[in-house]
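Subject: The structure I promised you

Hello,

Here is the structure we talked about, with the sequence alongside. Have a look at it first, and then read on for my notes.

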Amino acid sequence: ESLVLGVDCEMINYPQWDEVLFPTLLRCEKDYCWGYFGSTKGHALALVCEDPVASYRLNYQYEGEKAVMWGHRIYTATLDLLHKGPLPARHPQQLDRLAPGETRNWRIHLGVVESMDEVQTAISRWTDIPMIQCSAYTVGERDSLEAKVLASRPQKASATLRTPSGHTREIVFDKQGKSTLCGWTEKGLHTLTVSQNGHTSEASIYVREPWEWYLDKVRRYVQETCQPLMGGSCEQYYGYYPAFKAARITPDKERDDMLRERFLRQLPGIIDTVTWIPRENAYPHRIQNWSTLVGMFVDLWRATGSMDYLSKASKIGDYVCSHQVEDGSYRNNGSHYTCVIYPAKSIFGLAKAEQEA
């Protein structure tokens, strides 16, 4: 009941991975499935199955192993043509068996396109499936967006927009397939549905709260519910990033002081706060840990204006830059780590802060 697509997606090293087609998007709709494999060079392999596909999966390097194994390379991707439930609501349901004597066909198109922006255009050209494009998929309540349907006669498509509470309204597209969506009356997930030629496509649009609302929520969560831990992985203390950004954008003195003091109190567990050299038990070679600290101290400087924080960021930045090699890339025990949580981005942020100061 599964079809292994067989596209070699394994990214091993640089520059090999620039030529690899990676499973960037796979999506099941009620009566078809589509997606694409993209490369860092910009070109893509587009995929569309004109018949319902129950689900899909990515084939990781340790797939099938019962032991807990580290590893995040993806070898390829698979279409689960039949799959037992439960499945996401958007997926076709009851595709879990074939009745005696029953046969099914799946018509699959694969084709290379020059740009990832051309994937949906190619799919609409190969099939009669209407494809939806939106200028944004997350908007504020006062924002508008442009929705576009790629189809032979978009103005004839049947389209509705469903609100989180279940209210619907008809959406009309012009001859170019365009329509402006605005006038949001509810926050939350809205669903744009377009039907034509026996196929139905969905697009999800989220009407959000103001950005400050999210920063304050995550700051409270970091303080009260899920306290960051200093350890050998920066993921353990990532929560301080949004907390310190909240301190700059929407200050709350009592919470901000508490979080800042806790961060500084925990810090000596992973780095010597005199020499600013990482401690041996905190994986000094894992440079993304230390570039993360650089970014956090820069955020603290922006929130408080204290040059002491910028000085600390600079000292840790010196350590991060000591892991650069002649071509400018950042290395972890010799491995190319420039794209692992982007240490260069933190260093650029530090350089910009130093210029401003």
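How many helices and strands are there in the protein? There are seven helices and 17 strands. Please keep in mind that this is a predicted model.

**Overall picture**

The protein has 357 residues, and 45% of them count as buried. Taken along the principal axes, its C-alpha atoms fill a box of roughly 75 × 45 × 35 Å. The protein exposes about 19500 Å², with carbon and sulfur atoms supplying 50% of that area. As for contacts with a separation of 6 or more, 59% are between residues 24 or more positions apart.

**The pockets**

The largest pocket holds about 850 Å³ of space. It is lined by 25 residues, and Met11, Trp17, His72, Arg73 and Val340 are the closest to its centre. If you sort that lining by character, you get 12 nonpolar, eight polar and five charged residues.

The second largest pocket holds about 310 Å³. Its lining consists of 16 residues, and those nearest the centre are Tyr241, Lys245, Gly295, Lys345 and Ser346. Here the lining divides into six nonpolar, five polar and five charged residues.

Which helices each supply at least two residues of the lining of the second largest pocket? They are helix 3 (240–249), helix 5 (287–304) and helix 7 (343–356). Helix 5 gives the largest share, with six residues.

**The salt bridges**

A search of the whole structure finds 24 salt bridges. I picked out a few for you to look at.

Start with Asp51 and Arg107, whose side chains meet in a salt bridge at 3.0 Å, N to O. Asp51 sits in the loop between strand 4 (44–49) and strand 5 (55–60), while Arg107 sits in the loop between strand 6 (74–80) and strand 7 (108–113), so this pair ties together parts that are 56 residues apart in sequence. Is Asp51 buried or exposed? Asp51 counts as buried, because its relative accessibility is 12%, below the 20% cut-off. Its partner Arg107 is partly exposed, with a relative accessible area of 44%.

Next, go to helix 2 (residues 211–224), where Arg220 and Asp216 are four residues apart and therefore separated by about one helical turn. These two form a salt bridge, and their closest N and O atoms are 2.9 Å apart. Arg220 counts as partly exposed at 34% relative accessibility, whereas Asp216, at 19%, counts as buried.

Another salt bridge joins the side chains of Arg219 and Asp256, again with 2.9 Å from N to O. This pair links distant parts of the chain, since Arg219 belongs to helix 2 and Asp256 to helix 4 (residues 253–266), 37 residues away. Both Arg219 and Asp256 are buried. Through salt bridges that share partners, Asp216, Arg219, Arg220 and Asp256 are joined into one network.

**Where to look first**

When you open the model, you could begin at Met11 and Trp17, which are among the residues closest to the centre of the largest pocket. From there, move to helix 5 for the second largest pocket, and finish at Asp216, Arg219, Arg220 and Asp256 to see the network.

I hope you enjoy exploring it!

Best wishes

How values were computed
Residues numbered from 1 in each chain as written. Predicted model: local features only at pLDDT ≥ 70, side-chain atom pairs only at ≥ 80, totals over all residues. Heavy atoms only, no water. 1 Å grid on protein atoms, 1.4 Å probe; cavity = no way out; pocket = protein on both sides within 12 Å on 5 of 7 lines; lining within 4 Å. Points joined across faces, edges and corners; volume = space filled by probe spheres on them. Nonpolar A, V, L, I, M, F, W, Y, C, P; charged D, E, K, R; others polar. Buried < 20%, exposed > 50% of the residue type's maximum accessible area, 1.4 Å probe, protein only. Contact = heavy atoms within 4.5 Å. Areas by Shrake-Rupley, 256 points an atom, 1.4 Å probe, with all protein chains shown as cover. Salt bridge = Lys/Arg side-chain N within 4 Å of Asp/Glu carboxyl O.
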